[in-house]
Amino acid sequence: MMAAITALIAAPALRVVLLERLPRTGKKLLATGNGRCNYTNEAVTPGNYHGAGDPELAASVLGRFGAEDTKRFFGALGVVPRTEERGRVFPYSGAASSVADALRFECTRLAVELECGFDVREIKPAKGGFLLRDAGGKTLRADAVVLAAGGRASPSLGSDGSGFELAKMLGHTVGTLTPALVQLKTEGTECRALAGIKVRALVRAMNGANCVAEDFGELLFVDYGLSGPPIFQLSTRFASGECGAVEIDLCPDIGASELERMLTERRDALSHLECGEFFGGFLNKRVGNLIMRRCGVEKLSLAVGKLTGAQIAKFARTIKALTFNITGNGGWQNAQVTAGGVDTRELFPDTLMSRVCPGLFLCGELLDLYGDCGGYNLQWAWASGRAAGAGAAEWLAG
Ligand SMILES: Cc1cc2nc3c(=O)[nH]c(=O)nc-3n(C[C@H](O)[C@H](O)[C@H](O)COP(=O)(O)OP(=O)(O)OC[C@H]3O[C@@H](n4cnc5c(N)ncnc54)[C@H](O)[C@@H]3O)c2cc1C
């Protein structure tokens with residue numbers, strides 16, 4: 001939608017047709033940010049993006065349309081921004097539909113021709129332009145094409161990976177695709193008992209005893225493992241096989257020896273309680289019970305006063321480094337984005353036109369570039385859609 005809007009603003013006389021395989025546009029947008037749509041991030045820098053290919057491409061595209069431009073663009077369409085912690089920007093309404101509607105209404109105002117249910121399966125260069133064919137054999141001729149078909153993540157929301165096949169058909173190279181920003185599966189069944197609990201924690205991705213990366217935020221325990229922004233953020237480290245375990249620091253603001261001292265005092269003050277109540281008021285009760293079990297305290301009815309100094313020290317170590325072995329991830333169905341995609345060296349960085357197929361423009365998640373968790377991926381979708389739409393209008397005018 002962003003590319004279509006930009007092309008029509010640049011060249012109002014153009015005929016712009018938006019092809020969408022689903023019955024409606026913007027289905028994925030409605031699911032973003034847990035239904036609130038984290039549509040940009042005030043702290044966006046090229047360093048928030050990952051991928052092989054042209055290392056300058058993200059800087060070039062984001063340099064022309066950054067977070068302030070996104071806020072201004074949507075502001076002009078009536079979306080009031082609300083900035084939350086870590087620069088994440090949401091619509092003030094708290095509803096993702098505000099962002100999807102703003103784009104839809106703008107498409108209508110500019111007379112973008114919307115053709116839903118057109119599932120593009122083939123694009124062929126033809127007579128100085130392109131011939132597009134849908135799954136049912138319907139065709140459309142175009143002088144230029146902006147391919148904005150997304151990646152493979154969450155196919156039920158529209159992007160089924162067919163964009164990669166179309167790009168390959170037109171001569172592009174597509175690297176290995178991996179689900180990214182996705183939940184992690186843990187060994188054993190411990191997480192099942194904790195499902196639904198959220199904790200603010202520092203999460204480390206571990207390769208043996210080495211911490212490869214860490215992220216702080218709200219971690220969510222789910223039936224089969226771990227979820228939440230810090231897990232999403234670290235998830236590609238596991239998909240690539242670089243890391244095998246997650247280490248969770250449940251009290252990153254309290255040092256290990258300070259924590260041990262606190263727990264010792266707590267044992268002395270609460271010696272009349274049972275162990276099942278020891279962590280109450282400090283940690284989530286079910287998480288506390290897990291710490292007890294991990295430290296070998298199976299009988300939760302044991303009196304707190306019976307806990308030894310060695311057990312208290314072990315509690316402190318476990319709270320600072322609660323470890324789970326990772327056995328897999330939530331897969332494409334649950335991933336937010338795709339790592340890997342069309343090689344960005346095959347595009348002109350200013351217009352995002354293909355170097356191998358003139359008249360074809362590519363943008364969004366389809367490219368081998370994905371952002372961190374926190375509004376960076378939508379920022380990339382807007383900025384690159386903008387560049388591709390303007391590039392296509394310029395190409396057609398020339
Ligand atoms: C659950 C979830 C939550 C997310 N939350 C956030 C968030 O809060 N903030 C953030 O920055 N990012 C978020 N993301 C990531 C972000 O939504 C995507 O990176 C972004 O939408 C990609 O934009 P795109 O335009 O490239 O592709 P998409 O948004 O996937 O759009 C591609 C469109 O093309 C259509 N299409 C695909 N193939 C064809 C075809 N062959 N023919 C016709 N039409 C086709 C699809 O139906 C779809 O409508 C989230 C993703 C998910 C799945």
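A crossing is left-handed if the near helix is turned anticlockwise from the far one by less than a right angle, and right-handed if clockwise. Keep that for the second stop.

The model is predicted: local features need pLDDT of at least 70, side-chain atom pairs count only at pLDDT 80 or more, and totals for chains, interfaces and linings use all residues. Numbering starts from 1 along each chain as its sequence is written.

**Stop 1: the domains.** Select 2-179 plus 336-397 for domain 1, then 183-329 for domain 2. These bounds come from an automatic or database domain assignment. Their C-alpha centres are 40 Å apart. Six residues on each side are in contact (C-beta atoms, placed from the backbone, within 7 Å).

**Stop 2: helix 1 on helix 13.** Select residues 2-10 and 376-397 (helices are DSSP runs of H or I, at least four residues; strands are E, at least two; both are numbered from the N terminus). The helix axes lie 7 Å apart, at about 40 degrees (lines fitted to C-alpha atoms over the stretch in contact; angles run from 0 to 180 degrees between N-to-C directions). Helix 1 passes helix 13 in a right-handed crossing. Show Met2, Ile5 and Ala10, among the helix 1 residues that meet helix 13. Across from helix 1, the helix 13 residues include Trp382 and Arg386.

**Stop 3: the ligand.** Select its shell of 33 residues (C-beta atom, placed from the backbone, within 6 Å). Gly33, Gly150, Gly158, Gly364 and Leu378 are the closest. Which helix gives the largest share of the shell? Helix 13, with four residues. Strand 1 (17-20), helix 2 (27-31) and helix 6 (162-169) each supply at least two.

How values were computed: Contact = placed C-beta atoms within 7 Å.
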